[in-house]
Structure formats: C-alpha cells, structure tokens
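Work through the exercises below with the sequence and the model at hand. Each task is followed by a solution in steps.

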Amino acid sequence: MFGTQRNRAATYASVQVETGVGAADPHKLVTMLFDGAILTLSKARAEMQAGHIEAKGNSLSKAIEIINAGLKASLDQSAGGDLAGRLAALYDYMCERLLYANLHDNTTAIDEVSGLLTGLREAWLSISPNKAEAATTV
C-alpha cells in the first residue's frame, strides 16, 4: 500500500530535484547537471562491478543523455567562442568513452569521464556568482 523504502526514497529524491530545478538560476542548473552525471557514473560503475548488465547500460545511457542533452546543449556557441567549441568536443569525447565503457565493461573509462566532469564542475563552481551556496552542493 505504501510502497517499499526504495520507492519512497526515489520519490523523495525526484521531488527534491524537481523543486531544486524550479528554484535554480542558470548557473545552479549546470551545477546540477554535473552532479547528476557524476552520481550516475558512480552508480554505473557499481552496477558494472556487480554484473548488473541492464542497470549498467541504463545508467551509462542516462549519463550520456545528461552530457549531450544537458551540458553540451547548454553551451552558447555564439558567446562562448573557442571555449564552447572545445567543451563541445570534450563532451563528445566523454560520450564516446562511455559507449566504450558500456561495450567493454571498462571501469577505467568511467573513471576517466568522471574525473573530467569533476574537474569541469570545480572550474564551473569557481566562477559561481554565489560561491558560498555552490560550495555546499555535491
């Protein structure tokens, strides 16, 4: 009747994300995309190690979607110039590495992309208009 503990936790997490998105400024939204991709890659790595093939594939697909439809799509090519172009190419590379990771059960590729995203997230937070608030989220 009330669902499992896991379902309740998933519902709470969904509401928390939806509430955060509705109240977030553009800088915070990009931070949330980085956080979501990094968290999803951590989950994919654990699923890969546990041999959960379908769940691993779903998590890697979700991470690729966050990178492509979220981070890459949010780039402003006209204002960003060369930097935006280089970031777009880096995001394409990350997606290729995640496809490789999925096909070859390669945790090294997942770790590589996670490290790249973490570095970009830290750089993004360093230019936050509200550094105190940005430093508290992960």
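Helices (H or I, at least four residues) and strands (E, at least two) are DSSP runs, numbered from the N terminus. The model is predicted, so local features need pLDDT of at least 70 and side-chain atom pairs count only at pLDDT 80 or more, while totals for chains, interfaces and linings use all residues. Residues are numbered from 1 along each chain as its sequence is written, and side-chain values use heavy atoms, with hydrogens and water left out.

**Exercise 1.** Place serine 59 in its element, decide whether serine 59 is buried or exposed, and list its contacts.

Solution. Step 1: serine 59 belongs to helix α3. Step 2: buried means under 20% relative accessible area, exposed over 50%, and partly exposed in between (1.4 Å probe, protein chains only). Serine 59 has 6% relative accessibility and therefore counts as buried. Step 3: a contact means heavy atoms within 4.5 Å. With neighbours within four places in sequence set aside, serine 59 contacts Thr40, Lys43, Ala44 and Glu47.

**Exercise 2.** Compare the expected span of α2 with the distance between its end C-alpha atoms, and find what its buried residues pack against.

Solution. Step 1: the expected span of a helix is 1.5 Å times one less than its number of residues. Step 2: for the 25 residues of α2 this gives 36 Å, and the end C-alpha atoms are 36 Å apart, so the two agree. Step 3: the buried residues of α2 include Val30, Phe34, Ile38, Leu41 and Met48. The buried residues of this helix pack against α3, α4 and α5.

**Exercise 3.** Which residues touch the most other members of the largest nonpolar core?

Solution. Step 1: a nonpolar core is a set of buried Ala, Val, Leu, Ile, Met, Phe, Trp, Tyr and Cys residues joined through side-chain atoms within 4.5 Å. Step 2: among the 26 residues of the largest one, they are Leu41, Ile67, Tyr91, Leu98, Ile110 and Leu117. At least two core residues come from each of α2 (26–50), α3 (53–72), α4 (77–104) and α5 (107–126). Step 3: outside the residues up to four places away in sequence, leucine 41 touches Leu60, Ala63, Leu98, Ile110, Val113, Ser114 and Leu117.

**Exercise 4.** Locate serine 128 and give its C-alpha distance to lysine 28.

Solution. Step 1: serine 128 sits in the loop between α5 and α6 (131–134). Step 2: its relative accessible area is 10%, so serine 128 is buried. Step 3: serine 128 and lysine 28 are 100 residues apart in sequence, and their C-alpha atoms are 8.4 Å apart.
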